[in-house]
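Here's a quick briefing to read with the model open beside you. The points are grouped by topic, so feel free to jump around.

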Amino acid sequence: MENAEPSYSICYLLDQNDVIVDVGPGWDEFARENDAPHLDAGKVVGRKLIDFVAGDDSRMYVRAILHSARLFRRPLVRTYRCDSPDQRRFMEMRLSLTEDGLLKWEHRLLRTEKMQRRMRFRAAAGGRTARLTVRCSWCNRLKLSTHWYEPDQAPLPPDAASGEVLVVYGICPTCRGA
């Protein structure tokens, strides 16, 4: 039996300037399921992808991935996390060039795991300060003091009393090395 091509449920196309020119049919449903109506197709098509990436380190990382996919002109596949408040969601992304020069960015769910406690995060306005928790944009781990923790296993920072952790986004050393 031949291996079937993996099924990717979320897809978008980027032009040469990294502007989102189209999204796949599951886009709006995924946005609704994740309480993100501000990300429906009508609000993202025509905008630069980088407008939706928080944190300077994360923006630099995404730009590097986009550049690599275009430079090497072959599919680029990476795993990452896209957690919901109560589940770890292990994902896979695939970037490939289309025949007409667009960059196709596809995502699929590999598996989920239940979190030990419900966690919600909100991006802090402004830059990084010593009082804010750093969250890795790739693996979702949290940096508290000098250690990186799974979100639901980290000691809760003082601002989490409201049920929401205020974070700045970056890339942890493990993900940066990968």
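A quick word on burial before the tour: buried means under 20% relative accessible area, exposed means over 50%, and partly exposed is in between, with a 1.4 Å probe and protein chains only. This is a predicted model, so to speak a calculated one: local features need pLDDT of at least 70, side-chain atom pairs count only at pLDDT 80 or more, and totals for chains, interfaces and linings use all residues. Residues are numbered from 1 along each chain as its sequence is written, and side-chain values use heavy atoms, with hydrogens and water left out.

**Overall layout**

- The protein has 4 helices and 10 strands; helices (H or I, at least four residues) and strands (E, at least two) are DSSP runs, numbered from the N terminus.
- Reading from the N terminus, the order of elements is β-β-α-α-α-β-β-β-β-β-β-β-β-α.
- Of the 178 residues in the protein, 42% are buried.
- Take the contacts (heavy atoms within 4.5 Å) between residues at least 6 apart in sequence: 58% of them join residues at least 24 apart.

**Helix 3 and what follows**

- Helix 3 covers residues 56-72, which is 17 residues, and spans 24 Å from its first C-alpha to its last, close to the 24 Å expected at 1.5 Å a residue. The expected span is 1.5 Å times one less than the number of residues.
- Which residues of helix 3 are buried? They are Ser58, Tyr61, Val62, Ile65, Leu66 and Ala69.
- Looking down the axis of helix 3, the buried residues fall within an arc of 135°, so they line one face of the helix. That arc is taken from the directions from the helix axis to the C-beta atoms.
- Asp56, His67 and Leu71 sit on the other side of helix 3 and are exposed.
- The buried residues of helix 3 have plenty to pack against: strand 1 (10-14), strand 3 (76-81), strand 4 (87-97), strand 5 (103-114), strand 10 (164-170) and helix 4 (173-177).

**Two positive phi values**

- As background, most residues other than glycine have a negative phi.
- Arginine 73 comes just after helix 3, in the loop between helix 3 and strand 3. Its phi is near 55°, a positive value in a residue other than glycine.
- Is arginine 73 buried or exposed? Arginine 73 is exposed, at a relative accessible area of 64%.
- Asparagine 140 has a phi near 70°, again positive in a residue other than glycine. Look for asparagine 140 in the loop between strand 7 (133-136) and strand 8 (142-144).
- Asparagine 140 counts as buried, with 5% relative accessibility.

**The largest pocket**

- How is a pocket found? On a 1 Å grid over the protein atoms alone, a pocket is an open set of points where a 1.4 Å probe fits, with protein on both sides within 12 Å along at least five of seven lines; lining residues have an atom within 4 Å of a point.
- The largest pocket has a volume of about 1,600 Å³. Grid points are joined across faces, edges and corners, and the volume is the space filled by probe spheres set on the points.
- Lining the largest pocket are 46 residues, and Phe30, Leu39, Phe52, Cys82 and Tyr169 lie nearest its centre.
- Strand 6 (residues 120-123) gives the largest share of that lining, 4 residues.
- The lining of the largest pocket breaks down into 29 nonpolar, 7 polar and 10 charged residues. Here Ala, Val, Leu, Ile, Met, Phe, Trp, Tyr, Cys and Pro count as nonpolar, Asp, Glu, Lys and Arg as charged, and the others, Gly among them, as polar.

**Three strand residues to click on**

- Cysteine 11 is in strand 1 and is buried, with a relative accessible area of 16%. Not counting residues up to four places away in sequence, cysteine 11 touches Val23, Gly24, Trp27, Lys104, Trp105 and Glu106.
- Threonine 112 lies in strand 5 and is partly exposed at 36%. Leaving aside neighbours within four places in sequence, threonine 112 is in contact with Gln87, Arg88 and Arg89.
- Lysine 143 belongs to strand 8 and is partly exposed at 32% relative accessibility. Lysine 143 and valine 167 are 24 residues apart in sequence and 9.7 Å apart in space, C-alpha to C-alpha.
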